Amino acid sequence: MLSFFAKPRIRGGVHAEERKAATANLPIVTDFPLPKKLYIPLQQHVGKPAEPLIRVGDKVLKGQLLAYSQGMISAPVHAPSSGSIIDVNDYPAPHPSALPIRTIVLETDGNDEWVTTPNITDPFQLSPEDISLRVGAAGIVGLGGATFPTAVKLNMGRDNHVDTLIINGAECEPYLSCDDRQMQERADQIIDGVRLMLHSMVAHSAVVAIEDNKPLAFLAMQTAANPFPAIKVIQIPTRYPMGWDRQLIRYVTGKEVPIGCRSSEIGVTIHNVSTAYAVHKAIRLGQPLVSRVVTVSGGAVARPLNIEVPLGTLISDLFVFCSVNPSHIARIVMGGPMMGDSLPHTHLPTVKATSGILALTQSELKNTEEQPCIRCASCVSVCPAGLRPLDMANNIRMNQLDVAVDIGLKDCISCGCCSYICPSNIPLVQYFKYASGEVAARQQAQHKSEQTKRLIDARNARMERIAQQQAAEEQARLAAKAEREQRQAEQEVTT
Amino acid sequence: MITHLKPSSGAHIGTPVTVGHIMGQVMLALTPATAFGLYVFGWPALNLFVITVLSALFFEAVCLKLAGRIAKPVLMDGSAVLTGWLLAMTLPPWAPWWIGVVGSGIAMILGKQVYGGLGQNLFNPAMLARVALLISFPIEMTTWANVSPLFFSDSPSISDSWRITFAGLTNIDAVTGATTLGFIKTEFSQNHLLPDILKDYSEILNFIGWTRGSLGETSTLFLALGGIWLIRQGIIQWHIPVSLLLTVAVLSGIFHTVDSQHYASPLLHLNSGAMMCVAFFIATDYVTSPNTPAGQLVFGAGCGLLIFVIRTWGAYPEGSGFAILLMNSATPLIDYYIRPRIYGRDRKGKPIEINKS
């Protein structure tokens, strides 16, 4: 009976057309021609941007530290290849706005020469703290797309005595197959990364969860994990958004992460398979995170591929390599088609978060012709977070943002299921992102006006105090004067 | 290179299902029952059907014009046709032309467009119109034509049908009669008992729809088949039809078991009046029913309860129109109280507690 209630279940979600076949059966391309210039943004992670420690004109080697991590939640940035620094300035960011952010521009010399990397014979002799330190120094962040610094997560896992490490191999977004390919080709290295993470967190068991539409990856991972009883490889149902960390945690452990808590607080930590691979490279080979596997796919791509690209490679270079037909592109998306953001042009760099670049044709896109909501409630039934997107959107449309917040706006994970399913083509996620931004802006404005009011009040009080002081001084002066005059008069009388 | 950007957020892909597609599927599901109804009641029924649907489109277009909107894309979404269609199905098959026109006018103007059009209305437009017609024109709305199928010698010809539709019936008593539910109600008022009243009642003919009744509501068989198909297509969910029919069946079952002289059997209830049409096609209207499965169960049960109560103790033989409208008005309340639980929160919206064990 108890197990009935504890039974893990999946809530909501959609079964989107996968469209992974174009890239899932081709090996990862590792001989991508080195671009002439690499544009390396200083913020490729959640938290504070990194601070550059090189100067324009410096010669750097591949893997050399370019900018160091600032503060608790931040990550350093390393040179993706050898060459010279030609600029440190603002360049467009891979974001829908393409607003400029601080970026290091590296002109490659074509040698791709590594810095001398430390040689570690047995990393399991290192202390757990040392492992997270090295992971942090290698600039590793969550490569599933969240880009939260991995070292911070490892530390939290250790501090909270996490018992289960979940490795997210769901890759539930359509089109993307970079994790699938890595699991097929680099299973041993990934499993090694998982063992290192376990060691770093002093945790004892890991579960690698792979959606059942990737049987080859499952087999490869199972074979690789076979010698290690602490690591279990399981298949999970294929249903977007299975890779949402909290959905996966509930499915695997049956536990739900309370709102406002980190998963480590309920004894679970979740990392992506690509992150595990990066940890392996950082600890075993001493190589920082300077490249990642990117899926380039979509209807406008003549040669869809998974490519290992140096970070900072422009999307336009990738598109040339994959023979993208620019006239067919209706939208460029970074990430998957469900949660990814559209990009205004291709002169933007790939970053640590770039799991895929999609060049979609008009026929692949959802119709944008908006019709009135017919309250069909399909958005309610597909929402994995248990929200009512239609009510939230209605309130946002009427500018009742606080009502939208009350009914769960902040619990929205922007997974895109509601937008995907809506028969009226209402861009619900767009509404929610707008509203969240607007709420934040309003709170900021209110905070600012409160601060202003406080300053004005303080100034008024100060002025009043000064005026009182002056009045008191004036009175004292008058009194002194009167006294003086009186004394003078008395003297005159006596003389 | 600047490409299309909006919307910048996902999902960039989506299901090809559109509003028009959904309306089309519902119409497809209605087609067998409608075709059967048109066959059973002949040319006058076809006249009324066409008039009702066309006037629904006309009134929708007029309202859109008044609102300064471009009518064509809205008319193409199929919702006006569907409303007219559903309304026509609930009308007495030989009702005069103006019943269809006035009904469509009420449905489209008062039932839908005054609220702001598709998706905004509180009440099901077709049911609102039907109930308004029933109260305003009780004679026309309770004149039930005999079964008189197309191409039978006794049935009205095309020219007869125009006279019936546009000039009215002349020999009313010869060609009309009472529905099963209406007959039971009048007989009860004369202190007759059920076994006596129902001695000529044929379950199988009622099941197929070979009986007096509204244009498209008589055939339990075809309506249920269409409804089940809609559920299988994922257009409607099972919750409302199942809870509605189950509630009626359970309630009538209890009363029938206790006193079979005065209370009709569950089979008779499910097999008569607007039951199937309402359960599968009217109560499941997205706009006027709750959003959550639990809310839909409550809504369906409420409809079932009211239908049973009105049929059994009310002044009208059939109560489904009233039941739907009453439950429509409760929908916002149901949606307010019955909400899905948000991930990581309890039912009250507080973060769930961590179980330290």
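1. Let us start with a pair of strands in chain A. In this predicted model, β2(A) and strand β4 (residues 65-68) of chain A run antiparallel and are joined by two bridges. If you would like a residue to look for, take A:Glu51: its bridge partner in β4(A) is A:Tyr68.

2. That pair belongs to a sheet. Three strands of chain A make it up, in the order β2-β4-β5, and the sheet is open with antiparallel pairing. Which strands stand at the edges? They are β2 (51-52) and β5 (77-78) of chain A; each has a single partner strand, so one side of each is left without a neighbour in the sheet.

3. Other strand pairs of chain A involve β6(A). Strand β3 (residues 59-60) of chain A pairs with strand β6 (residues 83-92) of chain A in the antiparallel sense, over two bridges. Here A:Lys59 is the residue to find, standing opposite A:Ser84 in β6(A).

4. β6(A) also pairs with strand β7 (residues 100-108) of chain A, again in the antiparallel sense, and this pairing runs over nine bridges. How do you locate it on screen? Look for A:Asp90, which stands opposite A:Arg102 in β7(A).

5. Now step back to the whole of chain A. Its secondary structure comprises 15 helices and 16 strands. How does its spread compare with the globule rule? The rule gives 23 Å for 495 residues, while the radius of gyration of chain A is 29 Å, well over that value, so the chain is more spread out than a compact globule. Taken along the principal axes, the C-alpha atoms of chain A fill a box of roughly 120 × 60 × 55 Å.

6. Two further figures describe the packing of chain A. Of its 495 residues, 51% count as buried. Among the contacts in chain A with a separation of 6 or more, 74% are between residues 24 or more positions apart.

7. The domains of chain A come next. The assignment divides the chain into domain 1 (1-31 + 119-286) and domain 2 (378-438). Their C-alpha centres lie 29 Å apart. In the contact between them, domain 1 of chain A takes part with 10 residues and domain 2 of chain A with 11 residues. On the domain 1 side, the residues that touch domain 2 of chain A divide into six nonpolar, three polar and one charged.

8. Turning to chain B, you will find 16 helices and two strands. What does the globule rule say here? For 357 residues, a compact globule would have a radius of gyration near 21 Å, and chain B has 22 Å, which agrees. Along its principal axes, the C-alpha trace of chain B spans about 75 × 55 × 30 Å.

9. The packing figures for chain B are these. Of the 357 residues, 51% count as buried. For contacts in chain B with a separation of 6 or more, residues 24 or more positions apart account for 75%.

10. Chain B has its own domain assignment: domain 1 (18-176) and domain 2 (178-338). Taken over C-alpha atoms, 21 Å separate the centres of these two domains of chain B. Their contact takes 38 residues from domain 1 of chain B and 36 residues from domain 2 of chain B.

11. Which elements supply the domain 1 side of that contact? In chain B, α1 (19-66), α3 (79-90), α5 (125-136) and β1 (144-145) each supply at least two residues of the side that touches domain 2 of chain B. α1(B) gives the most to this side of domain 1, with 15 residues. By class, this side of domain 1 of chain B has 28 nonpolar, nine polar and one charged residues.

12. How do the two chains meet? In the contact between them, 37 residues of chain B touch 58 residues of chain A. The chain B side of this interface has 18 nonpolar, 14 polar and five charged residues.

13. Finally, a word on confidence. The predictor gives the complex an ipTM of 0.90 and a pTM of 0.89. For chain B, the average pLDDT is 92, and 97% of the residues score at least 70. As a reading habit, where pLDDT is low, the predicted coordinates should not be read in detail.

Key:
Residues numbered from 1 in each chain as written. Chains lettered and ligands numbered in written order. Predicted model: local features only at pLDDT ≥ 70, side-chain atom pairs only at ≥ 80, totals over all residues. Contact = placed C-beta atoms within 7 Å. Nonpolar A, V, L, I, M, F, W, Y, C, P; charged D, E, K, R; others polar. Pairing = 2+ DSSP bridges. Helix = DSSP H or I, 4+ residues; strand = E, 2+ residues; numbered from the N terminus. pLDDT = per-residue confidence, 0-100. Domains from an automatic or database assignment. Rg over C-alpha atoms; globule rule 2.2 N^0.38 Å. Buried ≥ 20, exposed ≤ 12 C-beta atoms within 10 Å, placed from the backbone.
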